[in-house]
Amino acid sequence: MKKPSRLLSLALASTLGAAGCGYSAKPMPQIAPSQYSHLVNSNIQIAVEPFDTDKECDKVFQRSVNSKAYLPVLIKIRNNSSEEIKYDRDNIRFVSRTGEEWLQVPGGKMARSYDSEGAVKSMVVGVALGAASGLLSALNEHEVSRNREKDFDAKSLPYQSSLFLGSEQQGFIYFRKSEKSSLSRKDFDREITGGNLSLDILVSPKNNKKFCFEFNQPSEWFARPATMPSQ
Amino acid sequence: MQQKTAMTRLALTGLAALMASSAGCAFGNRHCDLKYENPVTPQSPSQNYSLSFDKFDDRNEHDSKCRAIIGCVRNGYGFRTAEVKANNQLGDWFKDALSKELSQAGYNFSPNSPKTLEGTVIHLYTDVFFTYNTKINLRVKLKDKENILYDGTFEAESNPLALFASESEYANSSEQALQNAMREIVPKLTNELKKAK
């Protein structure tokens, strides 16, 4: 009588593990043209959307990544000019109100911040249903984790790109407060309120003509009115 | 019947001990000496062309002793139980690898050459669960004095089998990922260098 019940629970666990708990990626959010409020001139358009609330993060990342000290920022750059423009993620920076620069991290790193939840689940399954079920669950959780990493990496803004007439580039940059593995909502809001996101865009890269953008929190992130063409 | 049960228990204990010893201890940070001993570029005749190296750095997360965190160790349930850190600078490791690969391709190195190479290890990380999964992102710039001739990013992976979760295995997996990246970087750079001649 004992053996069939064990077999039954093993079968149940493996079915649950294999079928029920996969990772399904959420679609990439889109910024509507009407949200192109941050114009350098009518030809180069920059839109910035910080994912700084739990609701926004849940929709795309299925977790409140802000509580793990991450600030995903969706950036869209569109070039309607006849000149080539170039951006480089090295020149996109987020500095908090206190003057601390948050680091850019790969999507895979942000995805791994969820790993412990899967491991806890596997351990609970292992204790409740036996080691084999725990192992199956761990394998499944590992697969979920790998897919999540791929998804977050795929949603990243490419490191650099040249944009020609009519082309655009969109993606997330994941900023993280250095050496912090968690932040309360209150601390997170306090950190980013009054923060500053700056972007340098090279126009006609050979001439090294630069446009600088700055976005300030809170409420609507707005571009500083004057953009500064500089050498 | 009792003897059979005892034998089964003994076999299971032996199996568990074997698994434990072969899987390596999940605890205790690993400190790797990253190396690059096996260039993948075929040997070519000298190009009579010299290059110099500029800044090579990395963007990985570092610990309080400035050692780059390049991976993790996990236990059977998937909990991260330890970190893997590099004893050497990732920028130096990348520079050494690129120097070996380009030497194989026939290029010389002279500190006074106006053609300079800059490099960044944007990210290097090895995760593990039965197999290693190393991901590497690199950036290479080729400059002629202040003019940028080429600026590109590359990514590569490696997935060797994880046996002992030892430092040398992490180092090997990182080397394999870098070799895979070099298979793209070197042809791209040599092409750009030919254009710049």
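## Exercises on a predicted two-chain model

Chain A of this predicted model is divided into domain 1, made of residues 35-105 + 159-231, and domain 2, made of residues 107-155.

**Exercise 1.** Work out how many residues each domain of chain A gives to the contact between them, and which strand gives the largest share on the side of domain 1.

*Solution.* Begin with the two sides of the contact, to which domain 1 of chain A gives eight residues and domain 2 of chain A gives six residues. Next, look within the side of domain 1 that touches domain 2, where strand β7 (residues 167-176) of chain A supplies the largest share, three residues. Finally, sort the residues of that side by character, which yields five nonpolar, one polar and two charged.

**Exercise 2.** Describe helix α2 of chain B by its span, its buried residues and the elements that cover them.

*Solution.* First take the span: helix α2 (residues 90-104) of chain B has 15 residues and reaches 21 Å from its first C-alpha to its last, close to the 21 Å expected at 1.5 Å a residue. Then list the buried residues of α2(B), which are B:Leu90, B:Trp93, B:Phe94, B:Lys95, B:Ala97, B:Leu98, B:Glu101 and B:Leu102. To read such a list, recall that an α-helix has 3.6 residues a turn, so residues three or four places apart point the same way. The cover over the buried residues of α2(B) includes β2 (50-58), β4 (80-86), β6, β7 and α3 (167-196) of chain B. After the helix comes B:Gly106, whose phi is positive, near 100°.

**Exercise 3.** Find which residues have the most contacts inside the largest nonpolar core, and which element gives the most to this core.

*Solution.* The largest nonpolar core has 43 residues, and B:Phe94 and B:Leu138 are those with the most contacts inside it. Among the elements that give two or more residues to this core are β3 (69-74), α2 and β6 of chain B, while α3(B) gives the most, with 10 residues. Leaving aside residues up to four places away in sequence, B:Phe94 touches B:Phe56, B:Gly119, B:Val121 and B:Leu138. A second, separate core of 37 residues includes A:Ala47, A:Phe61, A:Leu71 and A:Met110.

**Exercise 4.** Determine how many residues of each chain are in contact with the other chain, and which element of chain B gives the most to its side.

*Solution.* Counting on each side, 14 residues of chain B are in contact with 16 residues of chain A. On the side of chain B that touches chain A, β6(B) gives the most, with four residues. The residues of this side of chain B divide into five nonpolar, five polar and four charged.

Terms used:
Residues are numbered from 1 along each chain as its sequence is written. Chains are lettered from A and ligands numbered from 1 in the order in which they are written. This is a predicted model: local features need pLDDT of at least 70, side-chain atom pairs count only at pLDDT 80 or more; totals for chains, interfaces and linings use all residues. Two residues are in contact if their C-beta atoms, placed from the backbone, lie within 7 Å. Ala, Val, Leu, Ile, Met, Phe, Trp, Tyr, Cys and Pro count as nonpolar, Asp, Glu, Lys and Arg as charged, and the others, Gly among them, as polar. The expected span of a helix is 1.5 Å times one less than its number of residues. A residue is buried if 20 or more other C-beta atoms lie within 10 Å of its own, exposed if 12 or fewer, and partly exposed in between; C-beta atoms are placed from the backbone. Domain bounds come from an automatic or database domain assignment. A nonpolar core is a set of buried Ala, Val, Leu, Ile, Met, Phe, Trp, Tyr and Cys residues joined through C-beta atoms within 7 Å.
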